[in-house]
Amino acid sequence: MELEAAKMIGAGLAAIALAGVGVGMGTIFGSYLSAAIRNPSAAQKQFPTLLLGFALTEAIGLFALVIALLILFAF
Amino acid sequence: MATNPMHQFEVHRIGPSLSISGVDVSFTNSSLFMLISSILIITFFMIGTRKVNIVPDKIQLLNEIVFNFITKMISDTAGPKAKPYFPFILTIFLFILTLNMIGLLPYAFTVTSQIIITFFLAVVIFIGVTIVGFAKNGIGFLKIFAPSGVPIFLFPIIVAIEIISFLSRPISLSVRLFANMLAGHTMLKVFGGFVVSLGIVGGWLPLSFSVALTALEILVAFLQAYVFAVLSCIYLNDALNMHH
């Protein structure tokens, strides 16, 4: 197979990581929402933790972007 | 220039070219923006603490909010033993926050979108935390690699995993910040390019997206500085309060 084509396929495959990030994001916000509806008075206190989890999960998706960029441009 | 979204990440020299024994130390746009952010932080605190009152004025109130925010974050994540490291964490947080925020302005350069900058910051934290761990716990700091209550036949695997996860800390810490800034700014520029190419007829749609994305990027710029500082605190917590 040509190297260019293989690079394109590899970079595309790196985007599969987004499936995991989608599941993770959904879990974080879903769990927060269900917990917040059960006990609204405790919800405000956990909001920073929610944002921390959001940022950490989002970063995983961006690792995939970095890997795709590395495959495309660094090799 | 308007067509290439990666153009904004180019480091170029400002002024004369300097080199010390073969190493290029010329003043670049990256150094310029680091200088600007340092000056901004210093002036912010200089003005705020110029005359300190019991009832604070507006700038002093802002200073106190920042101080209290970081103090609370450190005591929540790393406990009272981490109090001496407050200046370090505050500096790291404010430096990254200002660099991220300045980078959002048009024509500004985002210093934190350079992997070498974030990697250097992360390595400084990593080495610092390791030194603190060995200084506080002696050779017992190695117990961080051996969690208690592990079955004996799993022990070698767990130790190997713990060592790898410890060594990958600076990489994950730096790549997280770098990738967030790189992706966010590229996305903003790509949508800006759509506005130009669609013109006055269809350009309003990407323009409104662009406004929303800028709001998201301001959130991300703050969050990433916060995450960087919180993770530094968590690593400090590992070194200061060993439970194993």
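This is a short walk through a predicted model, with chains A and B, one selection at a time.

**Stop 1: two helices in chain A**

Start by selecting residues 17-38 of chain A, which form helix H2, and then add residues 40-74, which form helix H3. The two helices pack at an angle of about 180 degrees, and their axes are 10 Å apart. An angle over 145 degrees counts as roughly antiparallel, so H2(A) is roughly antiparallel to H3(A).

Now show side chains where the pair meets. On the H2(A) side, pick residues including Ala17(A), Val21(A), Met25(A), Ile28(A), Tyr32(A) and Ile37(A). Across from them in H3(A), the residues to pick include Pro40(A), Leu50(A), Phe54(A), Ile60(A) and Ala64(A). Colour this contact by residue class and you should find 14 nonpolar residues, six polar ones and no charged ones. Glycines take part too, among them Gly20(A) and Gly24(A) in H2(A), and Gly53(A) and Gly61(A) in H3(A).

**Stop 2: where the chains touch**

Bring chain B into view. How many residues does each chain give to the contact? Nine come from chain A and nine from chain B. What classes of residue does chain A offer on the side that touches chain B? All nine are nonpolar, with no polar and no charged residues.

**Stop 3: the largest nonpolar core**

This core holds 44 residues. To find its best-connected members, select Ile89(B), Phe93(B), Ala225(B), Ala229(B), Cys233(B) and Leu236(B), which touch the most other members. H3 of chain A gives two or more residues to the core, as do H2, H3, H4, H6 and H7 of chain B. The largest share, 14 residues, comes from H7(B), so colour residues 204-240 of chain B to see that helix.

**Stop 4: helix H3 of chain B**

Select residues 86-103 of chain B. The 18 residues of this helix should span 26 Å at 1.5 Å a residue, and the end C-alpha atoms are indeed 26 Å apart, so the two values agree. Its buried residues include Ile89(B), Leu90(B), Phe93(B), Leu97(B) and Gly103(B). They pack against H1, H2, H6 and H7 of chain B. Zoom in on Phe93(B): apart from neighbours within four places in sequence, its contacts are Ile70(B), Ala225(B) and Ala229(B).

**Stop 5: Val230(B)**

Move to helix H7 of chain B, where you will find Val230(B). Is this residue buried or exposed? Val230(B) is buried, because 22 other C-beta atoms lie within 10 Å. Leaving out residues up to four places away in sequence, Val230(B) touches Leu52(A), as well as Met73(B) and Thr77(B). Try a C-alpha distance to Ile89(B): the two residues are 141 apart along the chain, yet separated by 8.8 Å.

**Stop 6: Leu173(B)**

Next, select Leu173(B) in helix H6 of chain B. Leu173(B) counts as buried because it has 23 C-beta neighbours inside 10 Å. Its contacts, leaving aside neighbours within four places in sequence, are Ala122(B), Phe228(B) and Leu231(B). Ile125(B) is 48 residues away in sequence, and its C-alpha lies 9.7 Å from that of Leu173(B).

**Stop 7: a loop residue**

Finish at Tyr107(B), in the loop between H3 and H4 of chain B. Tyr107(B) counts as exposed because it has 5 C-beta neighbours inside 10 Å. Check its backbone as well: phi is near 70 degrees, a positive value in a residue other than glycine.

Technical notes. Residues are numbered from 1 along each chain as its sequence is written. Chains are lettered from A and ligands numbered from 1 in the order in which they are written. This is a predicted model: local features need pLDDT of at least 70, side-chain atom pairs count only at pLDDT 80 or more; totals for chains, interfaces and linings use all residues. Axes are lines fitted to C-alpha atoms, for helices over the stretch in contact, and angles run from 0 to 180 degrees between N-to-C directions. Helices (H or I, at least four residues) and strands (E, at least two) are DSSP runs, numbered from the N terminus. Angles under 35 degrees count as roughly parallel, over 145 as roughly antiparallel, 65 to 115 as roughly perpendicular and the rest as oblique. Two residues are in contact if their C-beta atoms, placed from the backbone, lie within 7 Å. Ala, Val, Leu, Ile, Met, Phe, Trp, Tyr, Cys and Pro count as nonpolar, Asp, Glu, Lys and Arg as charged, and the others, Gly among them, as polar. A nonpolar core is a set of buried Ala, Val, Leu, Ile, Met, Phe, Trp, Tyr and Cys residues joined through C-beta atoms within 7 Å. A residue is buried if 20 or more other C-beta atoms lie within 10 Å of its own, exposed if 12 or fewer, and partly exposed in between; C-beta atoms are placed from the backbone. The expected span of a helix is 1.5 Å times one less than its number of residues.
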